[in-house]
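Biologist: I should like to learn how the features of a protein model are read. May we go through them one at a time, beginning with the spaces inside?

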Amino acid sequence: MRITDATLTPLHLTLTHPLKTARGTYATRDGFLIRLRDEDGRVGQGEAMPLPEFGTEPLTMTHTVLRAWLSSLKGQSLEDSIEGIEATLAPSASEELRQRGARIRLIDPGEPVPAAQHGLELALLDLVAQRKGVPLCWLLAEEARQEVLVNALLGAEEPEALARQAREAVDEGYQTLKVKVAGRSLDEDEARVRAVREAVGPRVRLRLDANGGWSEPEANRALDRLGWYDLELVEQPTSPEDLQALWRVQRRAPCIIAADETLATPAAVRTLLTMDLGGGPAVGAVVIKPMVLGGLLPSMVVALRAAHLGMHAFVTSSIDGVVARAGAAHLASALPSGELASGLAVGRLFADEPRDHPYQPHGGLVRLRDMPGLGLNPDYLWDR
């Protein structure tokens, strides 16, 4: 295919209420939408929404790199295949592989740029899938599912408000709820978790996300107390850099421990997926953030390797917009297992979420339509 036009547009998102995590409070999100047009007029869309606190490059670097990449990509051709995309994006592709892609590496950012890479990769995947006439997920796995189980993220701070959000989410059909913890006293967190469990009863799955906000002793104390509320899993209870502490916490925890921010760098991913301290994998699950891992293709590699080692995997957004969440939904549908709900039902957090787009959850599920590529109308999203 030949890229006849490539554009970059700023994307600003406003949260209805600030979202507090152990790593910061977020009221807005800023990134870019990428649009590639081929010689037949098809439009592939991508999104780059950097989140440096979770391991991506800063926004200014995303802009600089994407502007250079898109400028050089315009007018070039690449193969209609995964290999063509990999050849375009891989910094160290062999000369034989490089012949199948376009040449965009005119600048060396000097550091990983996963958000920029995610944005361009997603636009190319969307375009290739459209040219082949298949949903994007079919490029990742022929046996991809048409439905993705998703959890509801409860963003309130006070127990009473959390309980109200929990009841509303269950009434809408969600069977997995997620609560942010850490960054406050354990007594306060226990009151919040207790309020949610009492509001929804024992059959609803409840997961917590500490965002690495506890020390190892704090995590053990928290799990000893909060484990009584029948937790499905806890994401990143301890520092992302201390894999051995994460391993020790998993060994005594009453539930699955999921590594999230630990996957922020390629070196940490390699360590997590190869370390052998005895007694099985380091953790029970890995949280796949395509924006942090540099796109859907590297995310799929991590998920397959984790499954080989006996770990669960599920996908979450990085508080992204619709285009990035659409790509993440296709990735989630292609994972080896869809047992654990993915964290893609975050549209309700945004004040400017487009209405009636096809990736809105219904009954705790995102259903993928049988349409080529992402199936998103670019005019609808861009003219909102």
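Modeller: The model is predicted. Enclosed spaces are listed as cavities, and the structure holds 6 of them of 30 Å³ or more.

Biologist: How much space lies in the largest cavity, and which residues lie nearest its centre?

Modeller: The largest cavity contains about 200 Å³ of space. Its lining consists of 20 residues, and Leu153, Lys178, Lys180, Ser317 and Ile319 are those nearest the centre. One may also read a lining by element: β1, β4 (147-154) and β5 (176-180) each contribute at least two residues to it.

Biologist: And how should I read the largest pocket: how much space lies in it?

Modeller: A pocket is open, whereas a probe placed in a cavity cannot get out. Here the largest pocket holds about 860 Å³ of space. It is lined by 33 residues, the closest to its centre being Gln117, Pro266, Leu293, Gly294 and Pro298. Two or more lining residues come from each of α2 (82-89), α4, α10, α11 (290-293) and α12 (296-308).

Biologist: Which element gives the most to that lining?

Modeller: That is α12, with 4 residues.

Biologist: Let us turn to sheets. In what order do the strands of the open sheet stand?

Modeller: One reads a sheet from neighbour to neighbour. In this open sheet the 3 strands follow the order β1-β2-β3, with antiparallel pairing. β1 (3-21) and β3 (43-48) are the edge strands, since each pairs on one side only. On average, neighbouring strands are turned by 20° against each other, direction being ignored.

Biologist: How many bridges join β1 and β2, and what packs on the sheet?

Modeller: β1 and β2 (residues 24-38) are paired in the antiparallel sense over 14 bridges; in one of these, Leu11 has Gly31 in β2 as its partner. Helix α4 (residues 114-132) packs on the sheet and touches β1, β2 and β3, its direction making about 160° with that of β3. Helix α13 (residues 322-334) lies across β2 and β3 and runs at about 100° to β3.

Biologist: Is Gly321, in the loop between β10 (312-315) and α13, buried or exposed?

Modeller: Burial is judged by relative accessibility, with under 20% counting as buried. Gly321 has a value of 2% and therefore counts as buried. Leaving aside residues up to four places away in sequence, Gly321 touches Leu13, Glu47 and Met49. Gly321 and Met49 are 272 residues apart in sequence, yet their C-alpha atoms are 7.8 Å apart in space.

Biologist: Where does parallel pairing occur, and over how many bridges?

Modeller: Strand β7 (residues 231-235) pairs with strand β8 (residues 256-259) in the parallel sense over 3 bridges, and Glu235 has Ala258 in β8 as its bridge partner. β8 also pairs in the parallel sense with strand β9 (residues 285-288), over 2 bridges. In that pairing Ala258 stands opposite Ala285 of β9.

Biologist: Which helix makes a β-α-β unit with β7 and β8, and which of its residues are buried?

Modeller: Helix α9 (residues 243-252) makes a right-handed β-α-β unit with these two strands. An α-helix has 3.6 residues a turn, so residues three or four places apart point the same way. In α9 the buried residues are Leu243, Ala245, Leu246, Trp247, Val249 and Gln250. They pack against α8 (216-226), β8 and α10 (266-272).

Methods:
Residues are numbered from 1 along each chain as its sequence is written. This is a predicted model: local features need pLDDT of at least 70, side-chain atom pairs count only at pLDDT 80 or more; totals for chains, interfaces and linings use all residues. Side-chain values use heavy atoms; hydrogens and water are left out. Two strands pair if DSSP finds at least two bridges between them. A crossover is right-handed if, with the strands pointing away from the viewer, the path from the first strand over the helix to the second runs clockwise. Axes are lines fitted to C-alpha atoms, for helices over the stretch in contact, and angles run from 0 to 180 degrees between N-to-C directions. Contact means heavy atoms within 4.5 Å. Buried means under 20% relative accessible area, exposed over 50%, partly exposed in between (1.4 Å probe, protein chains only). On a 1 Å grid over the protein atoms alone, a cavity is a set of points where a 1.4 Å probe fits but cannot get out, and a pocket is an open set with protein on both sides within 12 Å along at least five of seven lines; lining residues have an atom within 4 Å of a point. Grid points are joined across faces, edges and corners, and a volume is the space filled by probe spheres set on the points.
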